[in-house]
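Thank you all for making time this morning. Please bring the sequence and the structure up on your screens, and I will walk you through some of its parts in turn.

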Amino acid sequence: MANELFNNINAFDQWKNDVNNLLVRLKIWLKRNQFFDQNFENQIDTFQDFLKQEYLTLAFVGEFSRGKTELINALFFSEYGQRILPSEAGRTTMCPTELFYDKKENRPYLRLLPIESRMKPTTLSEYRENPSHWREIPLLTGSALEMTQSLKMITETKKVGKDIAKKLGFDLTLLEHNDEKGQVEIPVWRHALVSFPHDLLIKGLRIIDTPGLNALGSEPELTLKVLPQVQAILFLLGADTGITASDMKIWQDYIQPLADENGLDTFVVLNKIDTLEDELSETASIENNLSKVIKNTCSQLNLNLNQVIPISAKKALIGKVRNDAQQLSKSKIDKLEHYLATNLLSHKKQLVVDSLFTHTENMISQAIHMATQKSEAMFLQRKQFEQITGDNTSKIEEMVEENKASMSKYEHQLVAIKPSQRLLERQSKILLDIVASETISKLVDQTIKQLVNSKTTVALFRHMNEFYDAVEKIISELNHEAELTNKMTISLYQKFNDDFGLNLLEPKYVPARRITNDLRNIIKHSKRLENNLITAFTEQSIAVSRFFSGTVTDLVSSFKQARKSLRIWTQNVLSPLSHQLKIQKSSISEYESELDALKQSRSFVGGKIKGLNRLIDDLEYEIENANNMKVELYRFKPEVSSSNVVSFTRSA
Ligand SMILES: Nc1nc2c(ncn2[C@@H]2O[C@H](COP(=O)(O)OP(=O)(O)OP(=O)(O)O)[C@@H](O)[C@H]2O)c(=O)[nH]1
Ligand SMILES: [Mg+2]
């Protein structure tokens with residue numbers, strides 16, 4: 001697969017480049033035609049940033065020792081001829097490990113965040129922004145041995161007293177005990193970042209390896225923030241153990257909800273199928289046995305037979321390292337590799353098609369619309385000029401009068417439309433006030449005070465619920481005002497079209513649904529985690545403060561995002577109006593000075609018609625150019641096949 005996956009990821013990378021080039025061309029087009037303004041600049045910049053930062057992320061989740069790390073080694077690192085990431089019997093990967101390539105720093109490294117960082121309410125994403133809190137180890141990627149040696153640090157543990165372990169958020173029942181001194185074993189590191197110049201990682205693939213050890217329960221940010229944003233989750237089970245109670249808990253508490261609510265692609269991988277083999281058994285009976293185990297797994301997880309993929313990661317790794325076709329075929333890894341290669345990109349389609357494709361298409365349509373209108377104004381002028389034959393002074397006077405009338409009508413209408421425009425501006429301010437940073441920080445401060453003063457768990461829950469209710473009230477208010485604003489916008493556009501005899505494109509609606517979904521998702525995840533957290537963290541105050549700081553950080557950043565998208569919306573909705581007005585005004589004034597010149601010299605008519613012809617031709621060429629960009633954009637539209645697989649290869 002490495003090849004199939006590489007080809008697909010490469011196609012996605014190429015696709016991002018193509019769309020980026022198109023955006024650059026659109027920018028140049030808009031500048032050349034003097035339509036480029038702050039609104040276009042903001043939109044294009046946002047999309048270009050988005051394209052640059054896009055990662056395709058694959059997360060490996062499951063109970064300890066199910067073979068997550070072995071599978072990563074087999075899928076991506078077999079060319080090193082040995083296990084690059086440490087995988088051993090028992091608990092091995094001790095902290096969530098992200099493998100990617102840091103394009104900004106453009107160098108390999110291993111960064112480790114000490115477990116003690118859990119004592120502070122600072123979130124993982126905040127730590128991520130600040131490398132000084134991490135221990136950095138150089139990665140010598142040229143030598144497999146040295147790299148393996150450095151990456152061994154991911155498995156480091158240490159012994160601490162139970163009270164410290166509790167304070168760090170560990171569930172003592174899940175830790176290995178050293179009863180002599182009453183100590184327990186905990187991971188040395190909280191999170192590992194591995195920047196690694198591997199072909200696939202350079203092209204934008206990111207892999208997240210998680211430890212068993214209730215990592216999801218004790219690191220809420222992973223569940224709340226990191227996992228919902230990945231493209232696919234591989235949930236690993238072991239054919240040797242079957243589905244244990246803790247496998248089931250991970251499935252029900254974390255994986256299934258993510259698949260249901262976030263539409264995440266989930267691959268259920270039944271690993272270690274080689275353990276079902278027995279030297280004395282016939283192949284047919286081994287296959288029979290495997291079918292039974294798969295059926296069993298499916299019925300326990302309520303899945304269809306084709307949703308569970310059986311493999312042997314160990315045989316796949318050995319087969320690849322030794323170039324042993326028989327082992328490789330027994331590993332059945334090819335089916336998983338094919339699934340991954342073709343499905344990894346499918347979840348991207350929503351993001352890409354919705355946010356990027358539609359908006360770019362809108363921008364191009366708006367550009368074509370403006371250029372067409374300018375061209376129509378030129379046609380009209382040319383028609384007028386063509387009616388002037390010989391010494392037709394009265395015709396010119398008539399034209400001057402008509403133009404004066406147009407100007408005064410224009411000015412009159414401009415005044416008439418101002419109140420609705422101001423109303424819309426006021427309305428947009430009301431929307432922004434609803435999601436103001438002061439609103440959320442006041443609510444947070446008040447809730448934190450209440451939580452700190454809570455004497456009982458019941459009181460604690462009550463205050464958290466009051467907080468959620470308050471956020472829900474903000475959402476309702478926003479939706480109510482958004483509905484009003486949409487009505488106003490429609491009537492403003494209608495009035496504008498009627499009064500100015502123009503044909504504005506459909507107005508964009510306030511992005512209230514997206515904001516609502518974002519906020520409700522955070523609350524939903526947060527509520528679901530609440531119960532797990534309170535039981536997992538025996539040290540309640542730390543549990544609450546960390547849990548709350550994660551949710552609060554998400555909400556605060558969601559509010560910020562909401563303000564940004566509301567501001568962009570306001571610009572988007574008002575800028576076509578000011579554009580149209582500007583075009584109309586400048587064509588009336590230009591026409592006025594041309595008529596003046598015409599009065600001075602009749603010979604001007606011929607030259608003017610020629611000039612207009614040239615301008616009309618130029619505009620026609622530019623409109624064709626913009627139409628071509630639209631056609632090209634459609635060629636970049638990812639194709640979604642009936643099996644929900646997206647192909648980013650360009651159609652001819
Ligand atoms: N027989 C057999 N053993 C396997 C297979 N895959 C992994 N193992 C072994 O199972 C043990 C655990 O594998 P890991 O990859 O460390 O498991 P993990 O899920 O990453 O476990 P943690 O890091 O502790 O969460 C190792 O000894 C592997 O060699 C397999 O397909 N068959
Ligand atoms: Mg592991």
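**An exposed histidine and its helix**

Let me begin with a single residue, H480, which counts as exposed because 12 other C-beta atoms lie within 10 Å of its own, and a residue with 12 or fewer is placed in that class. I should say at once that this is a predicted model, so please hear everything that follows as a description of a prediction. H480 sits in helix α18, which covers residues 457-500. Although 32 residues separate H480 from A512 in sequence, their C-alpha atoms are 9.5 Å apart in space.

Staying with α18, we can turn to the helix that it meets. Helix α17, residues 437-452, has an axis that comes within 9 Å of the axis of α18, and the two cross at roughly 170 degrees. That angle makes α17 roughly antiparallel to α18, since angles over 145 degrees are counted that way. On the α17 side the contact involves T439, L443, T447, Q450 and L451, and these meet L460, H463, F467, A470 and I474 of α18. Taken by character, the residues of this contact divide into 6 nonpolar and 4 polar, with no charged ones.

Now to the sheet. How many strands form it, and in what order? There are 9 strands in an open sheet, ordered β4-β3-β8-β2-β9-β1-β10-β11-β12, and the pairing is mixed. The edges are β4, residues 135-137, and β12, each of which pairs on one side only. On average, and with direction ignored, neighbouring strands are turned by 20 degrees against each other.

Let me pick out some of these pairings. Strand β2, residues 97-100, and strand β8, residues 189-195, pair in the parallel sense over 4 bridges, and within this pairing L99 has V194 of β8 as its bridge partner. Further along, strand β10, residues 232-238, is parallel to β11 and is joined to it over 7 bridges, with L234 partnered by F267 in β11. Strand β11 also runs parallel to strand β12, residues 308-310, through 3 bridges, and here V269 stands opposite I309 of β12.

Is β11 enclosed or open to the outside? Of its 7 residues, 265-271, 6 are buried, so the strand is largely enclosed by the rest of the structure. Helix α11, residues 283-301, lies across β10, β11 and β12, and it runs at about 150 degrees to β12.

Finally, I would like to look at the ligand. Around ligand 1 there are 23 residues, of which G67, T69, S87, T93 and K314 come nearest. Two elements, α3 with residues 68-76 and α12 with residues 313-322, give two or more residues to this shell, and the largest share, 3 residues, comes from α3. By character, the shell holds 4 nonpolar, 11 polar and 8 charged residues.

Helix α3 deserves a last word, as we have just met it beside the ligand. All 9 of its 9 residues are buried, so α3 is largely enclosed by the rest of the structure. These buried residues are K68, T69, E70, L71, I72, N73, A74, L75 and F76, and T69 is also named among the residues that come nearest to ligand 1.

Note on methods: Residues are numbered from 1 along each chain as its sequence is written. Chains are lettered from A and ligands numbered from 1 in the order in which they are written. This is a predicted model: local features need pLDDT of at least 70, side-chain atom pairs count only at pLDDT 80 or more; totals for chains, interfaces and linings use all residues. A residue is near a molecule or strand if its C-beta atom, placed from the backbone, lies within 6 Å of it. Ala, Val, Leu, Ile, Met, Phe, Trp, Tyr, Cys and Pro count as nonpolar, Asp, Glu, Lys and Arg as charged, and the others, Gly among them, as polar. A residue is buried if 20 or more other C-beta atoms lie within 10 Å of its own, exposed if 12 or fewer, and partly exposed in between; C-beta atoms are placed from the backbone. Two strands pair if DSSP finds at least two bridges between them. Axes are lines fitted to C-alpha atoms, for helices over the stretch in contact, and angles run from 0 to 180 degrees between N-to-C directions. Two residues are in contact if their C-beta atoms, placed from the backbone, lie within 7 Å. Angles under 35 degrees count as roughly parallel, over 145 as roughly antiparallel, 65 to 115 as roughly perpendicular and the rest as oblique.
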